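Subject: Structure handover

Hello,

Here is the structure I said I would pass on. Please read the notes below with it open.

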Amino acid sequence: MGRYTIRRLLQMIPVLIGTTFIIYAMVWALPGDPFSGKCGQRPCPPAYVAEMTAKFNLNDPLPVQYFKYLVNLLQGNFGESFSGRPVWDEIMQAFPVTFRLALIAIIFEIVIGISAGILAALNRGGFWDNLVLISTLIVISIPVFVIGFLAQFTFGIKLGWFPPTVGPNATVYELLLPALVLASLSLAYVARLMRGNLTENLRADYVRTATSKGLSRQRVIGRHAVRNSLIPVVTFIGADFGALLGGAIVTEGIFNIRGIGGLLYLSIRTREGATVVGVVTVLVLVFLLVNLIVDILYGAIDPRIRYE
Amino acid sequence: MSDPNASMAAAAPETVEKETYLGSDLPPAPGDKEKSRSLWSDAWRELKSNKVFIISLVLIVVFLIMTFFPQVFTFGKDPMACDLTKSRQAPSSEAWFGYDNNGCDVYTRTIYGAKASILVGVFATLFTMLLGGFIGVIAGFFGGWVDSILSRLTDIFFAIPLLLGGILVLTSFPASDSTNLYSEVAKVVLALGILGWTSMTRIMRSSVIQVRNADFVVAARALGAKNSRIINKHVVPNSLAPLIVLATISLGGYIGAEATLSFLGLGLQPPVISWGTMINDAQPYIRVAPFMLFFPAFFLSIAVLSFIMLGDAVREALDPKLR
């Protein structure tokens, strides 16, 4: 187990370097003037261009630029944006809000998604099964930004149940509606995945054995069938948590949340290269760590799995 | 919108090789040549009597007609013929879906909008399927260090979210004044394809690994067949099914992703009509003219829905375990 974890952590290094290099190259090396629009309507003064070119090593060849960036990164220095603000401060300011949003979204996924899946599988072919299948299909086919607008318009503006936008403090109550929108797509996948697995497991031999041993239906389903069906669902939810942190660009935009997604979108649009690379590095790191934790959790849920 | 491929990739048996199953439920052994030959005809027989398949196929054919012959539905109206005096007029018998902010007929524009969205979906799927499938076959078939390098490369691209990569590529493109539909579509296809191929690679690789050591491959090699012949004649035909299912479902996902990018103002640009750009245009007027947003969003959702339903039906037909 310890050796497995160490091996996985070592494997993460090349992935992290490769990913940040690709992002770095996309941000700094693709055509386009990094100074366009940086100084208002007029072109930037030569002194400013010279200083910034030196600061971001823009005259070096790309691998050298990236190597210098990486050395700084290893010392915990994420660099500064064009305005001179440390990137790390920007990330730390935006991260808590997005983390809270993603956490609430995951709770929605687990509670609603898994219960809907169980409900559907236990009533296969019945009313609840069809309701879950049809409603998840509808949610999957409507793009998130349309769902976001509809939810904001209906619950925020027409009915007034929730605030239509989120204030600077981003309280849990304000985040409920955006989190539900953010979770909607994955929630539908979780419900379908759970339904499929449980249906398959309910027909398995070990369930028949458990029933014929005289165990109560509740125990057969709860201890045997559901627990076995949870394994792929846990993988999906784990991978999704990483995706939710970075994929909240659209939801954060619609509900005016000042989180990582909003920061990233703004930085890409204003070509704040250092901020983009810094945010993506943190996101990829979180994504890889969450995946590792999920893989280790496997062993706890499924004792058949052993780590070499 | 999050990436619909993620669910398929998460469900893909990536974990098979790094864990040892102590139980008897090993991954299903691949069928022999004769059985898998009849798999396709079996699947076709099953599909012909599947209501969901027929419905989604009919819808897709309708969307394809919209793509290539929009005049059939619009009675010769021009989507660019707009009359400012009719700005934001509600739906009527004259204009079924009402008029948008510039007084253009929303119905005509919605029909013409199908073209860009469907083209992006089809070409992004083809691009990722060919690139991802090719890398997956090479990695799965040759194994060893080739597999290690290609798999790490896949991991690197897989760690970048699809939408994020799409935004990065599209912002970095030099601004062009091109109003040519095809060059705009190609730009979006490239942005989605650069990151979209990874899930195709993973699923193709794991299904090739399952076939690689099957008896018919060993037999072909013993008869002196070259690697290229084994791959083309034996391995690929017998491991293609999961890729086709994923591709059908992804097609719907790419149409949604294009709309999201256009909605953010990055994908297709205004002279080009697409559902995404129409929704983007309608966004500020949602309270006074909700029909401007509703109709393109409805068509978009139906298009995504029909490809997802088609994928579901094909998967059910191809997976004997679900029968």
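Two residues are in contact when their C-beta atoms, placed from the backbone, lie within 7 Å. By that rule, of the contacts in chain A between residues at least 6 apart in sequence, 74% join residues at least 24 apart. For chain B the figure, counted between residues at least 6 apart, is 74% joining residues at least 24 apart.

This is a predicted model, in which local features need pLDDT of at least 70 and side-chain atom pairs count only at pLDDT 80 or more, while totals for chains, interfaces and linings use all residues. Residues are numbered from 1 along each chain as its sequence is written, and chains are lettered from A and ligands numbered from 1 in the order in which they are written.

The two chains

Helices (H or I, at least four residues) and strands (E, at least two) are DSSP runs, numbered from the N terminus. Chain A has 12 helices and one strand, and the strand comes after the helices in the order α-α-α-α-α-α-α-α-α-α-α-α-β. The C-alpha trace of chain A spans about 85 × 55 × 30 Å along its principal axes. Chain B has 13 helices and one strand; its order from the N terminus is α-β-α-α-α-α-α-α-α-α-α-α-α-α.

A residue is buried if 20 or more other C-beta atoms lie within 10 Å of its own, exposed if 12 or fewer, and partly exposed in between; the C-beta atoms are placed from the backbone. In chain A, 38% of the 308 residues are buried. In chain B, 48% of the 323 residues are.

Where the chains meet

Helix α11 of chain A (residues 260-269) packs with helix α7 of chain B (residues 162-172) at an angle of about 15°, their axes 10 Å apart. The axes are lines fitted to C-alpha atoms, for helices over the stretch in contact, and angles run from 0 to 180 degrees between N-to-C directions. The angle makes α11(A) roughly parallel to α7(B) (under 35 degrees is roughly parallel, over 145 roughly antiparallel, 65 to 115 roughly perpendicular, the rest oblique). On the α11(A) side, A:L264, A:I268 and A:R269 meet B:L164, B:I167, B:L168 and B:T171 of α7(B).

A:L264 also appears in the largest nonpolar core, as one of the residues with the most contacts inside it. Such a core is a set of buried Ala, Val, Leu, Ile, Met, Phe, Trp, Tyr and Cys residues joined through C-beta atoms within 7 Å. This one has 166 residues. Not counting residues up to four places away in sequence, A:L264 touches A:I249, A:V276, A:V279 and B:L164.

Inside chain B

Helix α12 of chain B (residues 275-282) is largely enclosed by the rest of the structure, because eight of its eight residues are buried. What covers them includes α5 (106-142), α11 (241-263) and α13 (290-318) of chain B.

B:I231 is in helix α10 of chain B (residues 227-239) and counts as buried, with 21 C-beta neighbours inside 10 Å. Its C-alpha atom is 9.1 Å from that of B:I138, although the two are 93 residues apart along the chain. Leaving aside neighbours within four places in sequence, B:I231 is in contact with B:V137, B:F141 and B:V236.

B:K187, in helix α8 of chain B (residues 181-212), counts as buried with 20 C-beta neighbours inside 10 Å.

Regards
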